[in-house]
Amino acid sequence: MTCALAPAEPPTAPRDHLLRALAADHTKPLLAYVERMLRDRHTAEDIVQETLIRAWHHAERLYENEGSVHGWLLTVARNLTIDRIRSAYHRHESPGSEYPGPEFAGVLEGDHADAVAASVDAVSLLRHLSREHREVLVHTYLNDRTVQETARILGVPAGTVKSRQHYALRQLRLRAHARAAADARAA
């Protein structure tokens, strides 16, 4: 699993190597995501190819934003998919064999946009934690490890893992509540 906090490729990598790395790391999940929305493998392949080309053309954007490279790619793929659906609808075509027609809600079921936005927020919140607290959360929640497994991997007692987990979650909750209150005041 590639950690969203540190990009797999440095921004100074040669562009041809970057394209190969992006394709190797992200083609399968992007294809599954787009194919699930369109229900058409060939159109999904076209959209994934266009997504990777746009990422290659805008390589500097991949490493400037707060979120992960995968999140950026998902957003671009989603936007291209929606554009394809809309253009097909206006031409009275169906982009997939099971396309239900003008009811876009059925086509866009299972959309991961909210999950991508949540992951961007989570990454932003995790950056404010100490390395020790972040490591514990990554092992216990993202890698689905037990307290004992995490303790063994990190070389600390299980009680230390529990304590770090408690204080990390407490800090995340406080920051999330503060952010929500600030957003509410701004609105």
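The numbered points below describe the nonpolar cores, helix packing and salt bridges of a predicted model.

1. The largest nonpolar core of the model has 22 residues. Within this core, the residues with the most contacts are Leu22, Leu30, Val34, Val48 and Leu73. Three helices, α1 (15-38), α2 and α4 (69-90), each supply at least two residues of this core.

2. A second core, separate from the 22-residue one, is made of six residues. Among them are Leu129, Leu137, Ala168 and Leu172. Three of these names return in the next point: Leu137 of α7, together with Ala168 and Leu172 of α9, belongs to the contact of those two helices.

3. Helix α7 (residues 131-142) packs against α9 at an angle of about 100°, and the two axes lie 9 Å apart. An angle of 65 to 115 degrees counts as roughly perpendicular, and α7 and α9 are therefore described as roughly perpendicular to each other. On the α7 side, the contact is made by Glu132, His133, Val136, Leu137, Thr140 and Tyr141. On the α9 side, the residues are Val161, Arg164, Gln165, Tyr167, Ala168, Leu169, Gln171 and Leu172. By residue class, this contact of α7 with α9 comprises eight nonpolar, four polar and two charged residues.

4. Helix α9 (residues 158-186) also packs with helix α8 (residues 147-154). Here the angle is about 105° and the axes are 8 Å apart, which makes α8 roughly perpendicular to α9. Val147, Thr150 and Ala151 of α8 meet Ala158, Val161, Lys162 and Gln165 of α9. The residues of this contact divide into four nonpolar, two polar and one charged. Val161 and Gln165 of α9 are also named in the contact with α7.

5. Side chains of opposite charge can pair when their charged atoms come close. In this model, the count comes to five salt bridges. One of them joins Glu45 and Arg41, whose closest N and O atoms are 3.3 Å apart. Both residues belong to helix α2 (residues 41-57); because they are four residues apart there, about one helical turn separates them. Glu45 is partly exposed at 35% relative accessibility, and Arg41 is likewise partly exposed at 40%. The pair is also part of a network of salt bridges that links Glu35, Arg41 and Glu45.

6. Helix α2 holds a further pair, Arg54 and Glu50, which lie four residues apart, or about one turn of the helix. Their salt bridge brings the closest N and O atoms to 2.9 Å. Arg54 has a relative accessible area of 36% and is partly exposed. Glu50, with a relative accessible area of 31%, is partly exposed as well.

7. Arg131 and Glu132 form another salt bridge, with their side chains meeting at 3.4 Å, N to O. Arg131 counts as partly exposed at 49% relative accessibility; the cut-off for exposed is over 50%, so this residue remains in the partly exposed class. Glu132 is partly exposed too, at 30% relative accessibility. Glu132 has a further role in the description of the model, since it is one of the α7 residues in contact with α9.

Key:
Residues are numbered from 1 along each chain as its sequence is written. This is a predicted model: local features need pLDDT of at least 70, side-chain atom pairs count only at pLDDT 80 or more; totals for chains, interfaces and linings use all residues. Side-chain values use heavy atoms; hydrogens and water are left out. Axes are lines fitted to C-alpha atoms, for helices over the stretch in contact, and angles run from 0 to 180 degrees between N-to-C directions. Angles under 35 degrees count as roughly parallel, over 145 as roughly antiparallel, 65 to 115 as roughly perpendicular and the rest as oblique. Contact means heavy atoms within 4.5 Å. Ala, Val, Leu, Ile, Met, Phe, Trp, Tyr, Cys and Pro count as nonpolar, Asp, Glu, Lys and Arg as charged, and the others, Gly among them, as polar. A salt bridge is a side-chain nitrogen of Lys or Arg within 4 Å of a carboxyl oxygen of Asp or Glu. Buried means under 20% relative accessible area, exposed over 50%, partly exposed in between (1.4 Å probe, protein chains only). A nonpolar core is a set of buried Ala, Val, Leu, Ile, Met, Phe, Trp, Tyr and Cys residues joined through side-chain atoms within 4.5 Å.
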